[in-house]
Amino acid sequence: MRYIEPHAHMVSRTMDDYKALAMAGCRAICEPAFWAGFDRSSVDGFYDYFRQLTEYEPKRAARFQIAHYSWICINPKEAEDPEFAREVIQIIPEFLKKENVLGVGEIGLNKNSKNEVAIFEEQVQLALDHNQLILIHTPHLEDKYKGTQLIIDMLRQHSEIDPNRVLIDHVEEHTVKQVVEAGFWAGITLYPESKCTPARAVDMLDLYGSTDRLWMNSACDWGVSDPLSLPKAVLELRKRGFDEQTIDRFVYQNPLKFLRQSGMEILPEG
Amino acid sequence: MKETKTAMMDVYFMDARSKLIDIAAFMDRAERYGETGDYRYQEFVKALDALRSSDRAESVLMKLSDPSKEPSEKASAGPAVGAYQKD
């Protein structure tokens, strides 16, 4: 089996995790910029983090023959101080030029506040100004439905946005339909407690898998999460009787199709 | 797309049975510890009604979601907790 892990926060994981991912068939990892578990106190803190994502982490991945790509942004959790967020946004274009950067992400909403909305809008514009793909985080738990609605409404205000170049992540049963029907890509995140179990993810693929605009990810980070959740979802797909060609489409071809829109030669042998 | 038709009961019944008993035990526990007044428990019990609807997973998620439409003035403190206090 081969697969792409389209969303993993490897800065929080160990080399043992890289080894396990490689042994499970992972060919490439995409790492969005995210919240470190605490608010950073300076723009320099973000600068160092963006360097870690674009320079250091690809080297760790390469030790296990895994390609590593990243997304750059200020995350919604740290958007509540908009002036600070705008200072961080100013350093992002330097990193968007890097050869392993996929686009702007994971931007989005966390608690659906007005400041988060403002910084989200500014980073959408940044992506459009630099012709970048967009990866969007949707809020957790009770805030997800409202946040997803707000995000879709905001994106619809931008007539220049091509929905095919935007992925809205962490969909669940109450948000997947609206994302897919609006023409965006949707990401299903597999988590042990919150978000989706492999069984629920496969239910969504059962219902919406005829579109190519779906992928699954582990979004593994410093919290309760599982870097091997994607291979576990593949096992679930096999239990449900999906053939290997369809499984390859869900876990390899679909993410490849979206990511190659960045203009980069993602996994050229694929 | 699918090679074989799999019997869902063979694959999932025992797992679902286990989770159903876990829910029952959680409710017994909440009662025993006097925490059934907590809004999260109250919303949980209301969400159980959705099990009698169609599209049960979607309905349960909606029962636990913030139904408002406008952005808040300020982000609330702390992480999301999994249930929205409607009253």
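**Notebook: helix packing in chain B and its contact with chain A**

The crossing of α1(B) and α2(B) is left-handed, and I note at once that I am reading a predicted model. I looked up the geometry of this pair next: the axes of α1(B) and of α2(B), the helix of residues 39–48, come within 12 Å and cross at roughly 145°. I then listed the residues that make the contact, and found I23(B), F26(B), M27(B) and A30(B) on the α1(B) side, facing Y41(B), F44(B), V45(B) and L48(B) from α2(B). Sorted by class, the residues of this contact are eight nonpolar, with no polar and no charged ones.

**Entry on the interface**

I turned to the contact between the two chains, to which chain B contributes 32 residues and chain A 31 residues. An interface is often sized by the accessible area that is lost when the parts come together, and I looked that value up. For chain B and chain A the buried area is about 2600 Å², with 56% of it coming from carbon and sulfur atoms.

How many residue pairs are in polar contact between chain B and chain A? I find 13 such pairs, counting those in which both residues are at pLDDT 80 or more. On the side of chain B that touches chain A, α1 (8–32) and α3 (56–63) each supply at least two residues, and α3(B) gives the most, with four residues. By class, that side of chain B holds 16 nonpolar, eight polar and eight charged residues.

**Entry on salt bridges**

Over all chains I count 23 salt bridges in the structure, and across the interface of chain B and chain A the rule finds two. One of the pairs I followed up joins K114(A) to E73(B), where the closest N and O atoms lie 2.5 Å apart. K114(A) sits in α4 of chain A, the helix of residues 114–129, whereas E73(B) belongs to the segment after α3 of chain B.

**Entry on backbone geometry in chain A**

I also checked the backbone, keeping in mind that most peptide bonds are trans and that most residues other than glycine have a negative phi. The bond joining G105(A) and E106(A) is a cis peptide bond, with omega at about -10°, and E106(A) is placed in strand β4 of chain A, residues 101–108. Where does H170(A) lie? I located H170(A) in the loop between β6 (166–168) and α6 (176–181) of chain A, and its phi is near 60°, which is a positive value in a residue other than glycine.

Key: Residues are numbered from 1 along each chain as its sequence is written. Chains are lettered from A and ligands numbered from 1 in the order in which they are written. This is a predicted model: local features need pLDDT of at least 70, side-chain atom pairs count only at pLDDT 80 or more; totals for chains, interfaces and linings use all residues. Side-chain values use heavy atoms; hydrogens and water are left out. Contact means heavy atoms within 4.5 Å. Buried area is the accessible area (1.4 Å probe) that two parts lose on being put together, summed over both. A salt bridge is a side-chain nitrogen of Lys or Arg within 4 Å of a carboxyl oxygen of Asp or Glu. A polar contact is a pair of N or O atoms within 3.5 Å; within protein, one must be able to donate a hydrogen and the other to accept it, and residues adjacent in sequence count only if both atoms are side-chain atoms. Ala, Val, Leu, Ile, Met, Phe, Trp, Tyr, Cys and Pro count as nonpolar, Asp, Glu, Lys and Arg as charged, and the others, Gly among them, as polar. Axes are lines fitted to C-alpha atoms, for helices over the stretch in contact, and angles run from 0 to 180 degrees between N-to-C directions. A crossing is left-handed if the near helix is turned anticlockwise from the far one by less than a right angle, and right-handed if clockwise.
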